[in-house]
Amino acid sequence: QVQLVESGGGSVQAGGSLRLSCAASTYTYSRPFMAWFRQAPGKEREGVAVIYTGDGSTYYDDSVKGRFAISQDNAKNTVYLQMNSLNAEDSAMYYCAADPRGNIWDSKRYKYWGRGTQVTVSS
């Protein structure tokens, strides 16, 4: 029912910034939660940021608080992730996800996923 496409990844030096985009083919107000997850080689997929698109409320993992910001453009059915002060530990494949059931920080609870966009930070 929902197709997600990520873009904006790339290679940057430590301390740099990137903005990721997630475009949803369709998204209804009945399933307003959208999130960014990331997965590095040899590590499990972890939640980065979540947005409740119904009112714009945002939630962040402690590792990115103060550095990353998730935002929305409801008219375009698009969610963004602004990433500042990047460091090598942020290097990962970043995935957009939508429509969780229950715990919004559990990747297994999300119904829809994008293919991912790679972020590489050199130090």
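Buried, in this briefing, means a relative accessible area under 20%, while exposed means over 50% and partly exposed lies in between. By that cut-off aspartate 106, with a relative accessible area of 17%, is buried. Welcome to a quick tour of this structure, which is a predicted model. The tour takes in strand S5 and its partners, one disulfide, one cavity of 30 Å³ or more, seven salt bridges and a pair of backbone angles to look at.

**Strand S5 and its neighbours**

- Strand S5 covers residues 46–52, and five of its seven residues are buried, which leaves the strand mostly covered.
- On one side, S5 pairs with strand S4 (residues 33–39) in an antiparallel arrangement held by six bridges.
- If you want a place to start in that pairing, phenylalanine 33 has tyrosine 52 of S5 as its bridge partner.
- S4 and S5 form a hairpin with six residues between the strands, and there glycine 42 adopts a positive phi near 80°.
- S5 also runs antiparallel to strand S6 (residues 57–60), to which four bridges join it.
- The hairpin of S5 and S6 has four residues between the strands, and its glycine 56 takes a positive phi near 85°.
- As background, side chains in a regular strand alternate between the two faces of the sheet.

**Valine 50, a residue to click on**

- Valine 50 belongs to strand S5, and tyrosine 59 in S6 stands opposite valine 50.
- The relative accessibility of valine 50 is 1%, so this residue counts as buried.
- Valine 50 and leucine 81 are 31 residues apart along the chain, and their C-alpha atoms are separated by 9.8 Å.

**The disulfide**

- A search of the whole structure turns up one disulfide, formed by cysteine 22 and cysteine 96 with their sulfur atoms 2.0 Å apart.
- This pair ties together distant parts of the chain, since cysteine 22 sits in strand S3 (residues 18–24) and cysteine 96 in strand S9 (residues 92–100), 74 residues apart.
- Which hand does the disulfide of cysteine 22 and cysteine 96 have? The torsion about its S-S bond is about -80°, so the disulfide is left-handed.
- Cysteine 22 has a relative accessible area of 0% and is therefore buried; cysteine 96, at 0% relative accessibility, counts as buried too.

**The cavity**

- The whole structure holds one cavity of 30 Å³ or more, with about 40 Å³ of space in the largest cavity.
- Its lining is made up of Arg38, Gln39, Ala40, Lys43, Glu44, Glu46, Glu89, Ser91 and Ala92.
- Sorted by class, that lining has five charged residues, two polar and two nonpolar.
- Two of the lining residues, Arg38 and Glu46, return below as partners in a salt bridge.

**Salt bridges**

- Seven salt bridges are found in the whole structure, and three of them are worth a visit here.
- In one, the side chains of arginine 38 and glutamate 46 meet at 2.8 Å, N to O.
- Arginine 38 counts as buried because its relative accessibility is 5%, whereas glutamate 46, at 27%, counts as partly exposed.
- Lysine 65 and aspartate 62 form another side-chain salt bridge, at 3.0 Å, N to O. Aspartate 62 is exposed, with a relative accessible area of 61%.
- Aspartate 106 and lysine 108 also meet in a salt bridge, 3.1 Å from N to O. Aspartate 106 is the buried residue from the opening, at 17%, while lysine 108 is exposed at 70%.
- Beyond single pairs, salt bridges with shared partners join Arg38, Glu46, Arg67 and Asp90 into one network.

**Positive phi outside glycine**

- Serine 85 is not a glycine, yet its phi is positive, at about 50°.
- Where is serine 85 placed? Serine 85 is in the loop between strand S8 (78–83) and S9, and with a relative accessible area of 43% it is partly exposed.
- Aspartate 99 is a residue other than glycine with a positive phi, near 65°.
- Is aspartate 99 buried or exposed? Aspartate 99 lies in strand S9, and at 5% relative accessibility it counts as buried.

How values were computed:
Residues numbered from 1 in each chain as written. Heavy atoms only, no water. Buried < 20%, exposed > 50% of the residue type's maximum accessible area, 1.4 Å probe, protein only. Helix = DSSP H or I, 4+ residues; strand = E, 2+ residues; numbered from the N terminus. Pairing = 2+ DSSP bridges. Disulfide = S-S within 2.5 Å. 1 Å grid on protein atoms, 1.4 Å probe; cavity = no way out; pocket = protein on both sides within 12 Å on 5 of 7 lines; lining within 4 Å. Points joined across faces, edges and corners; volume = space filled by probe spheres on them. Nonpolar A, V, L, I, M, F, W, Y, C, P; charged D, E, K, R; others polar. Salt bridge = Lys/Arg side-chain N within 4 Å of Asp/Glu carboxyl O.
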